[in-house]
Amino acid sequence: MDIHEYQAKEVLSNFGVAVPQGALAYSPEQAAYRAREMGGDRWVVKAQVHAGGRGKAGGVKVCDSDAEIQAATEGMFGQKLVTHQTGPEGKGIYRVYVEAAVPIDREIYLGFVLDRTSQRVMIVASAEGGMEIEDISAERPDSIVRATVEPAVGLQEFQCREIAFDLGIEPGMVQQMVRTLQGCYRAFTELDATMVEINPLVITGDNRILALDAKMTFDDNALFRHPQISELRDKSQEDPRESRAADRGLSYVGLDGNIGCIVNGAGLAMATMDTIKLAGGEPANFLDIGGGATPERVAKAFRLVMSDKNVQAVLVNIFAGINRCDWVAEGVVQALREVQVDVPVIVRLAGTNVQEGQKILAQSGLPLIRATTLNEAAERAVAAWRSDVNQNPNLRAV
Ligand code: GDP
Ligand code: MN
């Protein structure tokens, strides 16, 4: 799960990371009011969306008066901000953060990520802040400083000092850098984050080290341990299909094709998507109902897939181990009786209680297309989708 910049700043400042003074606003009037309340004569207003690259896309504006803030944010609220990270559809702006502008001397890149090769938290830093890390690693790879943290002993002060020296931080400010690094590391590990990125971390004209931007991503599977983080979720920033699924405890990834997939297990989902592509189709989603799915859960999955307007055929592919084919079949039948499904449905069942499952499908009297192997299922799904598209030219072809 991602959170907003202003939320990440609040989280990090609780761990000792210094951030500029700032306040959140939900309207242009409130943004102007927040600036007056804060005082000063220069502010930066920043669109709060779950994506980077806002500066270049017009989502970050420096303003010299509250009237300017009002005008700048009037052009932001309710708009979609399209950055190179959002995709062409962009992300809606419903909150802006108003910050006291700071005089910047230097911009540093600082990131904490999980390095799966070393199985450790890795710190990535560069004196070339402000640029995206992808650009830094392409243009100035030699400027990147890396350090991994031994989990049993945690981030050591000497490591922080080494990073600070490698970044050319002057001796009088090294202690501030150590505090920033330690704060990020503690926030990362104590809150089960998978990413902390401060870009830029700035050195101000008056010798302070401040996080001018902040991004944090958390491990979804650990959110139950952190209710205060979990409540920071902002559904307006998520793919609505994916948040509906998360609310129902289903694992769903929306894709661009037309064939909806209801599958159990991530591996089988991958194989199903590959096979659909091999047969000439494009998957519309990746929906994993998981193990031990009850008929109700299968029915929920069906409703979810059908709520995507791009779905023009549904392939149910279940290899039941912990699952039971009869339950899955009942779920499919239940869903098809409740939800109006006017697209072809292809069902392939294998494994536990497969005969019972087939019987339920056969006796339902529903116009289901059945298949025994995965290949056959994918081919029938693509063929059924094609013939539907041919009969009804209003359906969008990929
Ligand atoms: P991003 O583009 O989404 O990564 O948004 P950032 O928060 O990183 O802002 C983009 C750029 O705006 C930063 O790299 C800074 O150069 C600039 N910026 C942000 N806040 C301030 C500020 O308080 N003062 C000044 N002078 N520039 C700022
Ligand atoms: Mn940034």
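Where is Pro-200 found? In this predicted model, Pro-200 sits in strand β10. The peptide bond that leads into Pro-200 from Asn-199 is cis, with omega near 10°. That is worth a second look, given that most peptide bonds are trans.

Asn-199 also takes us straight to the ligand. A backbone N or O atom of Asn-199 lies 3.1 Å from an oxygen atom of ligand 1. Two side chains make polar contacts there too: Lys-46 places a polar side-chain atom 2.6 Å from an oxygen atom of ligand 1, and Glu-107 has one 2.9 Å from an oxygen atom of ligand 1. On its own, ligand 1 has 560 Å² of accessible area, and the protein covers 79% of that. Which elements give two or more residues to the shell around the ligand? They are β2 (43-47), α3 (54-57), β7 (104-115) and β10 (193-204). In total, 15 residues surround ligand 1, and the closest are Lys-46, Arg-54, Gly-55, Glu-107 and Asp-213. Sorted by class, the shell comes out as 7 nonpolar, 4 polar and 4 charged residues.

Turning to the annotated stretch of chain, the unreviewed UniProt entry carries the annotation "domain: ATP-grasp" over residues 9-55. In the model, residues 9-55 are 38% helix and 19% strand. The C-alpha atoms at the two ends of this stretch are 17 Å apart.

The same kind of record also singles out one residue further along: the UniProt annotation "binding site", again from an unreviewed entry, covers Asn-264. Asn-264 lies in the loop between β14 (259-263) and α10 (266-278). Is Asn-264 buried or exposed? With a relative accessibility of 11%, Asn-264 counts as buried, because the cut-off for that label is under 20%. Leaving aside neighbours within four places in sequence, Asn-264 is in contact with Asp-288, Ile-289, Gly-290, Asn-317, Ile-318, Phe-319 and Asn-323. With Phe-319 there is a polar link as well, as the Asn-264 side chain reaches the backbone oxygen of Phe-319 at 3.0 Å.

Helix α9 (residues 240-247) is another spot to look at. Its buried residues are Arg-241, Ser-243 and Ala-245. What do the buried residues of α9 pack against? Their partners are β13 (251-254) and α11 (295-306). After the helix comes Gly-249, which has a positive phi, near 70°.

Positive phi also turns up outside glycine. Most residues other than glycine have a negative phi, so two loop positions deserve a mention. Gln-119 has a phi near 60°, a positive value in a residue other than glycine. Gln-119 belongs to the loop between β7 and β8 (120-126). At 69% relative accessibility, Gln-119 counts as exposed, since the label applies over 50%. Asn-207, too, has a positive phi near 60°, and its place is in the loop between β10 and β11 (209-211). How does Asn-207 count at 39% relative accessibility? Asn-207 counts as partly exposed, because 39% falls between the 20% and 50% limits.

How values were computed:
Residues are numbered from 1 along each chain as its sequence is written. Chains are lettered from A and ligands numbered from 1 in the order in which they are written. This is a predicted model: local features need pLDDT of at least 70, side-chain atom pairs count only at pLDDT 80 or more; totals for chains, interfaces and linings use all residues. Side-chain values use heavy atoms; hydrogens and water are left out. UniProt positions are given in the numbering used here, feature names are shortened, and annotations may be inferred rather than shown by experiment. Helices (H or I, at least four residues) and strands (E, at least two) are DSSP runs, numbered from the N terminus. Buried means under 20% relative accessible area, exposed over 50%, partly exposed in between (1.4 Å probe, protein chains only). Contact means heavy atoms within 4.5 Å. A polar contact is a pair of N or O atoms within 3.5 Å; within protein, one must be able to donate a hydrogen and the other to accept it, and residues adjacent in sequence count only if both atoms are side-chain atoms. A residue is near a molecule or strand if one of its heavy atoms lies within 4 Å of it. Accessible areas come from the Shrake-Rupley method with a 1.4 Å probe; for residues, only the protein chains shown count as cover. Ala, Val, Leu, Ile, Met, Phe, Trp, Tyr, Cys and Pro count as nonpolar, Asp, Glu, Lys and Arg as charged, and the others, Gly among them, as polar.
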